[in-house]
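The following exercises concern a ligand site, the pocket around it and the backbone geometry of a protein. Each task is followed by a solution in steps.

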Amino acid sequence: MHRLYPNIIITGTPGCGKTSHAESLKDQLGEPYQHFNISDLAKERKCLEEYDENLDTWVVDEDKLLDSLEPDMEKGGIVVDWHCCEVFPERLIDLVVVLRTDNSILHQRLTKRGYKDNKIQENLDCEIMQVILQEARDSYIPEIVIELRSDSVEEMEENVERIAAWVENWRADHPN
Ligand code: ADP
Ligand code: MN
């Protein structure tokens with residue numbers, strides 16, 4: 001089915017600014033765009049499997065999650081906010097934004113968030129190793145994957161402007 005509005009994934013290591021970007025982008029785009037914070041949504045829609053003690057996080061039942069999200073995503077206009085992107089089939093996704101943050105800045109943000117040392121270290125390693133960027137590149141065609149820096153508020157504002165401009169172009173290229 002043809003979508004009237006694009007679906008965008010905002011991804012990146014925890015603390016990179018996914019939620020801040022997605023919220024701001026949704027506000028800028030207005031109706032009918034929606035911000036889907038997948039961590040919250042997986043809970044709300046009962047798509048959680050079990051608690052992983054080692055990773056200190058809930059494991060999401062990805063098949064169930066996708067089944068639940070598919071009808072929304074087929075309509076379009078979804079700003080997906082999650083640290084995993086490979087779950088979503090290519091046909092449902094129009095743009096993948098991978099946020100990147102300087103390690104010392106990320107360290108400060110995660111400390112402020114009250115993460116345990118081992119969880120902070122895991123996330124810093126994930127950022128250094130470009131794990132999420134690689135996952136995005138492995139899952140989607142290069143043309144739709146963009147990497148944006150998210151170290152400062154100015155960069156965040158620029159990023160949101162840039163994505164909003166991309167959305168306008170997409171809409172112009174996909175009339176009805
Ligand atoms: P994520 O959803 O990726 O975990 P958040 O959007 O919750 O990240 O951001 C984590 C913290 O870092 C928040 O306190 C947020 O205000 C701050 N932050 C995120 N991106 C930026 C940025 N580009 N510049 C300054 N602060 C930021
Ligand atoms: Mn978040």
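**Exercise 1.** Identify which residues come nearest to ligand 1 in this predicted model, and characterise the shell.

*Solution.* Step 1: with a heavy-atom cut-off of 4 Å, 15 residues surround ligand 1, and G15, K18, T19, S20 and R113 come nearest. Step 2: sort the shell by class; it holds four nonpolar, seven polar and four charged residues. Step 3: assign the shell to secondary structure. Helices α1 (18-29) and α7 (153-173) each supply at least two of its residues. The greatest contribution is that of α1, with three residues.

**Exercise 2.** Determine which polar contacts ligand 1 makes with T19, R113 and S152, and state how much of the ligand the protein buries.

*Solution.* Step 1: apply the limit of 3.5 Å between N or O atoms. Step 2: examine the side chains. An N or O atom in the side chain of T19 is 2.9 Å from an oxygen atom of ligand 1. For the side chain of R113, the corresponding distance to an oxygen atom of the ligand is 2.8 Å. Step 3: examine the backbone. A nitrogen atom of ligand 1 lies 2.9 Å from a backbone N or O atom of S152. Step 4: turn to the accessible area. Ligand 1 taken alone exposes 560 Å², of which the protein buries 74%.

**Exercise 3.** Locate ligand 1 with respect to the pockets, and describe the lining of the pocket concerned.

*Solution.* Step 1: ligand 1 sits in the largest pocket. Step 2: the space in this pocket amounts to about 1,200 Å³. Step 3: its lining comprises 40 residues, with P14, K18, S39, H83 and Y115 nearest the centre. Step 4: by class, the lining divides into 16 nonpolar, eleven polar and 13 charged residues. Step 5: at least two lining residues come from each of α1, α2 (38-44), β4 (57-60), α5 (117-128), α6 (131-139) and α7.

**Exercise 4.** Describe the backbone geometry at the E31–P32 peptide bond and at K46, and place P32 and K46 in the fold.

*Solution.* Step 1: recall the usual case; most peptide bonds are trans, and most residues other than glycine have a negative phi. Step 2: the bond joining E31 and P32 is cis, with omega about -5 degrees. P32 belongs to the loop between α1 and β2 (34-37). Step 3: K46 is not a glycine, yet its phi is positive, at about 55 degrees. K46 is found in the loop between α2 and β3 (48-52).

Conventions
Residues are numbered from 1 along each chain as its sequence is written. Chains are lettered from A and ligands numbered from 1 in the order in which they are written. This is a predicted model: local features need pLDDT of at least 70, side-chain atom pairs count only at pLDDT 80 or more; totals for chains, interfaces and linings use all residues. Side-chain values use heavy atoms; hydrogens and water are left out. A polar contact is a pair of N or O atoms within 3.5 Å; within protein, one must be able to donate a hydrogen and the other to accept it, and residues adjacent in sequence count only if both atoms are side-chain atoms. Accessible areas come from the Shrake-Rupley method with a 1.4 Å probe; for residues, only the protein chains shown count as cover. On a 1 Å grid over the protein atoms alone, a cavity is a set of points where a 1.4 Å probe fits but cannot get out, and a pocket is an open set with protein on both sides within 12 Å along at least five of seven lines; lining residues have an atom within 4 Å of a point. A molecule sits in a cavity or pocket if more than half of its atoms lie within 2 Å of its grid points. Helices (H or I, at least four residues) and strands (E, at least two) are DSSP runs, numbered from the N terminus. Ala, Val, Leu, Ile, Met, Phe, Trp, Tyr, Cys and Pro count as nonpolar, Asp, Glu, Lys and Arg as charged, and the others, Gly among them, as polar. Grid points are joined across faces, edges and corners, and a volume is the space filled by probe spheres set on the points.
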